[in-house]
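Good morning, and thank you for making time for this presentation. Please keep the sequence and the structure in view while I speak.

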Amino acid sequence: MGITLRQLRAFCAVYELKNFTRAAEALNLTQSTVSKLCSELEKTIGMALFERSARGVELLEGAAELYAYAQETFGSLRAAERSLSSLAGLERGEVSIAASPIMMHTLIAPVVAQFHARHPNIVFDLHELTGDEATEHVLHGKADLGLVAMESQDPRLDSRVVYRGPMYAVVPAGHPLARHDEARWRELARYPHILLRGTYTVRRKMDQILHDQGLTVRSVAQTGSLTTAFAMIRGGMGITVMPGYVRNVCQEMGLKALCIADRPQALHELSVLRRADYRLSRAAAAFLAAFEAHLAEQGQPAAAGDSSLF
């Protein structure tokens, strides 16, 4: 049997107080228990540490060296306790998140700023990527969390829908459709479109909806950047279809966002991802809770009934 912490605590108390009775009182133990623990320690290391006599306790050779090692051990334990305590209190840590640039801008960045105000020592590592790249970052451990529009399930990932909202058409302020707050797919198909590339799930969803309804649109440009699409829309080149969480950006650029009102309504979903074999750090778990609370406050949570995998 090896040396135990309980034995070392008893030994240190006797070493410091030079008395078994006072050591027992300090440790809230009986004198016989302290004596037994010290005897077990001496037996384990194969040498006597104390000379017991009527006058008290005399330290023997080797006691000072063991005491120094014991203090190093207890110092490391105290440092570990402080470290874990600081983590528990979110006094330090790192959170890594992967998502598209527009998701970062509209959904994640505001929560990061709020979280930083409460926990200024938490560091964020934000990866602005396509949905496929964000998924790969989570799979390969480069990100704690990913925010993506999932089209299929991967058994290596745990995913949960955190956002579900309608799709919107974005038009210039002076566009004929801008007089209304809603539009239908058949109306949208009459106008030239600025299309996002097929790497965007909203584009793939739009293509499927148009196909199902027997509609086509005339493309005047394709882009991989939402801000580029908005600039061209503002210049009067055409219109486009976007997820609802970009409405604020549209309004900031002087554009009009129209809810696509066909029934049943096409909904755009976003899911939070993490590796199935990965336990979130306290910082990442706290951020995830804050992020979901933010979506709920914005009226953009997933529908009730989505099971939690975190």
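Glu-42 touches Met-47, Ala-48, Leu-49, Phe-50 and Arg-52, leaving aside residues up to four places away in sequence. I should say at once that what you see is a predicted model. Glu-42 is part of helix α3, which covers residues 31-45. Is Glu-42 buried or exposed? Its relative accessibility is 11%, so Glu-42 counts as buried, the limit for that class being under 20%.

Two of the contacts of Glu-42, Phe-50 and Arg-52, bring us to strand β1, residues 50-53, which pairs with strand β2, residues 56-59. The pairing is antiparallel and runs over four bridges. β1 and β2 make a hairpin, and two residues lie between them. Which residue of β2 faces Ser-53? Opposite Ser-53 stands Gly-56.

I turn now to empty space. As a general remark, rolling a probe the size of a water molecule over the atoms reveals where such space remains.

The largest pocket has a volume of about 440 Å³. Its lining consists of 27 residues, and those nearest the pocket centre are Gly-131, Asp-132, Ala-149, Thr-199 and Thr-201. Which elements give two or more residues to this lining? They are α5 (101-118), α6 (131-139) and α8 (201-212). Sorted by class, the lining of the largest pocket holds 13 nonpolar, ten polar and four charged residues.

Next, the enclosed spaces. How many cavities of 30 Å³ or more does a search of the whole structure find? The search returns two.

The largest cavity holds about 50 Å³ of space. It is lined by Ile-97, Ile-108, Leu-145, Gly-146, Leu-147, Val-272, Phe-287 and Phe-291. Two or more of these residues come from each of β5 (145-148) and α11 (282-297). β5 supplies the largest share, three residues. By class, seven residues of this lining are nonpolar, one is polar and none is charged.

The second largest cavity also has about 50 Å³ of space. Around it are Ile-194, Leu-195, Leu-196, Val-202, Arg-203, Met-206, Thr-240 and Val-241. The elements giving two or more residues here are β8 (193-196), α8 and β10 (240-243). Helix α8 thus appears in this lining and in that of the largest pocket. The class division for the second largest cavity is six nonpolar residues, one polar and one charged.

One of the residues lining the second largest cavity, Thr-240, deserves a closer look. Thr-240 belongs to strand β10. With a relative accessible area of 2%, Thr-240 is buried. Leaving aside residues up to four places away in sequence, Thr-240 touches Tyr-168, Ala-169, Val-170, His-193, Ile-194 and Ile-233. Among these contacts, Ile-194 also lines the second largest cavity. Between the C-alpha atoms of Thr-240 and Phe-230, ten residues apart along the chain, the separation is 8.5 Å.

For contrast, consider Ser-152. This residue is found in the loop between β5 and β6 (157-172). Ser-152 has a relative accessible area of 54% and is therefore exposed, as the class begins over 50%. How far apart are the C-alpha atoms of Ser-152 and Val-220? They are separated by 30 Å, and the two residues lie 68 residues apart along the chain.

My last topic is the cysteines. In general, a disulfide is a covalent bond that joins the sulfur atoms of two cysteines. The count in this model is zero disulfides. Why does Cys-250 not form one? The closest cysteine sulfur to that of Cys-250 belongs to Cys-259 and is 13 Å away, which is too far for a bond because the cut-off is within 2.5 Å. Cys-259 is likewise in no disulfide, its nearest cysteine sulfur being that of Cys-250. As for accessibility, Cys-250 is buried, at a relative accessible area of 1%. Cys-259 also counts as buried, at 12% relative accessibility.

To close, I return to the spaces in this predicted model: a largest pocket of about 440 Å³, and two cavities of 30 Å³ or more. Thank you for your attention.

Definitions and conventions:
Residues numbered from 1 in each chain as written. Predicted model: local features only at pLDDT ≥ 70, side-chain atom pairs only at ≥ 80, totals over all residues. Heavy atoms only, no water. 1 Å grid on protein atoms, 1.4 Å probe; cavity = no way out; pocket = protein on both sides within 12 Å on 5 of 7 lines; lining within 4 Å. Points joined across faces, edges and corners; volume = space filled by probe spheres on them. Nonpolar A, V, L, I, M, F, W, Y, C, P; charged D, E, K, R; others polar. Buried < 20%, exposed > 50% of the residue type's maximum accessible area, 1.4 Å probe, protein only. Contact = heavy atoms within 4.5 Å. Pairing = 2+ DSSP bridges.
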